Amino acid sequence: MAAPLPQKPGLAGMPPQQQPHLPPGAAAAPGQQPMAPQGALREISPVFLCRIGQETVQDIVTRTMEIFQITRATQLPNGVTQSQAMYQDRFGKLQEHLRQLALLFRKLRLLYERCVEMTSDLQEGPTELLPYVGEEVVSGKVEPCSPAVYQERNEVLEKVRQKNQEMKVLMDQMRNLLWDVNAMLTFRK
């Protein structure tokens, strides 16, 4: 049902979660040792760690989609007995995917912690990211505008409000239509 993830050359015997991520060009050809020794792998740049993290997130999404495909294909027990072997096979696949997901999340956490550790001197304090509460943001020096500019601004704001209202009405109509279609499909079964 779901194809296994492609493996990197020279690492065919290892599961994808246990394969070391090497920089491009550092993957060993079959029969050769990796070009970077273990000590050099510890000196990887934060950018490379982020790229590995991005690949890990993509693996997590792929595994999650495979889990949903397996569960979608599974019939609910409705009195019809299915093959016990088929049930065990799907259950085994689900267990394996969940185990691999846990490993991928653990790997992502380690990558995140390592990235934070390596870039701790570059990060801003969290107070700089919080929105101002109760304080009015002091804007820079604003030059007075002509009444024509204020009038044009008010006209544009009114057009935006009208368009927003029209979009809200359309969204409500679409939501009601979808409810009706889903209700008809449910009754049809």
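Here a visitor asks a guide about a predicted model of a protein chain.

Visitor: What is the overall pattern of the protein chain?

Guide: Reading along the sequence you meet α-α-α-α. The protein chain has 4 helices and 0 strands.

Visitor: What makes the pair Tyr 87 and Phe 91 stacked?

Guide: Start with the distance: the ring centres are 6.2 Å apart, and rings pair if their centres lie within 6.5 Å. Next comes the angle, where planes under 30 degrees apart count as stacked. The planes of Tyr 87 and Phe 91 are at 20 degrees, so the pair is stacked. The structure holds 1 aromatic pair.

Visitor: Where do Tyr 87 and Phe 91 lie?

Guide: Both belong to helix α3, which covers residues 84–118, and they sit 4 residues apart, about one turn of the helix. An α-helix has 3.6 residues a turn, so residues three or four places apart point the same way.

Visitor: Why is Tyr 87 called partly exposed?

Guide: Partly exposed is the class between buried, under 20% relative accessible area, and exposed, over 50%. Tyr 87 has 44% relative accessibility, so Tyr 87 counts as partly exposed. Phe 91, with a relative accessible area of 40%, is partly exposed too.

Visitor: And why does His 97 count as buried?

Guide: The cut-off for buried is under 20%. His 97 has 9% relative accessibility, so His 97 counts as buried. This residue lies in helix α3. Leaving aside residues up to four places away in sequence, His 97 touches Arg 63, Glu 66, Ile 67 and Ile 70.

Visitor: Which other residues of α3 are buried, and what covers them?

Guide: Among them are Arg 90, Leu 94, Gln 100 and Leu 101. Further along, Leu 104, Lys 107, Leu 111 and Cys 115 are also buried. Their cover includes helix α2, residues 46–73.

Visitor: How do you know that the span of α3 is close to the expected one?

Guide: Compare two values: α3, with 35 residues, reaches 51 Å from its first C-alpha to its last, and the span expected at 1.5 Å a residue is 51 Å.

Visitor: What makes the contact of Lys 93 and Asp 89 a salt bridge?

Guide: The rule asks for a side-chain nitrogen of Lys or Arg within 4 Å of a carboxyl oxygen of Asp or Glu. For Lys 93 and Asp 89 the N to O distance is 3.8 Å, so the rule is met. Both residues lie in helix α3, 4 residues apart. Lys 93 is partly exposed at 32% relative accessibility, and Asp 89 is partly exposed at 43%.

Visitor: How many salt bridges does the rule give, and which pairs are among them?

Guide: The count comes to 8. One of them joins Arg 99 and Glu 96, at 2.6 Å from N to O. Arg 99 and Glu 96 are 3 residues apart in helix α3, about one helical turn. Another joins Arg 161 and Glu 158, at 3.5 Å; both lie in helix α4, again about one turn apart.

Visitor: Which residues form the nonpolar patch on the surface?

Guide: Met 174, Leu 177, Val 181 and Leu 185 form it, with about 350 Å² of accessible area together. A patch residue needs over 30% relative accessible area. Leu 185, in helix α4, has 41% relative accessibility and counts as partly exposed.

Key:
Residues are numbered from 1 along each chain as its sequence is written. This is a predicted model: local features need pLDDT of at least 70, side-chain atom pairs count only at pLDDT 80 or more; totals for chains, interfaces and linings use all residues. Side-chain values use heavy atoms; hydrogens and water are left out. Rings of Phe, Tyr and Trp (its six-membered ring) pair if their centres lie within 6.5 Å; planes under 30 degrees apart count as stacked, over 60 as edge-to-face and the rest as tilted. Buried means under 20% relative accessible area, exposed over 50%, partly exposed in between (1.4 Å probe, protein chains only). Patches are made of residues with over 30% relative accessible area and no salt bridge: like charges are joined within 9 Å, nonpolar side chains (Val, Leu, Ile, Met, Phe, Trp, Tyr) within 5 Å. Accessible areas come from the Shrake-Rupley method with a 1.4 Å probe; for residues, only the protein chains shown count as cover. Contact means heavy atoms within 4.5 Å. The expected span of a helix is 1.5 Å times one less than its number of residues.
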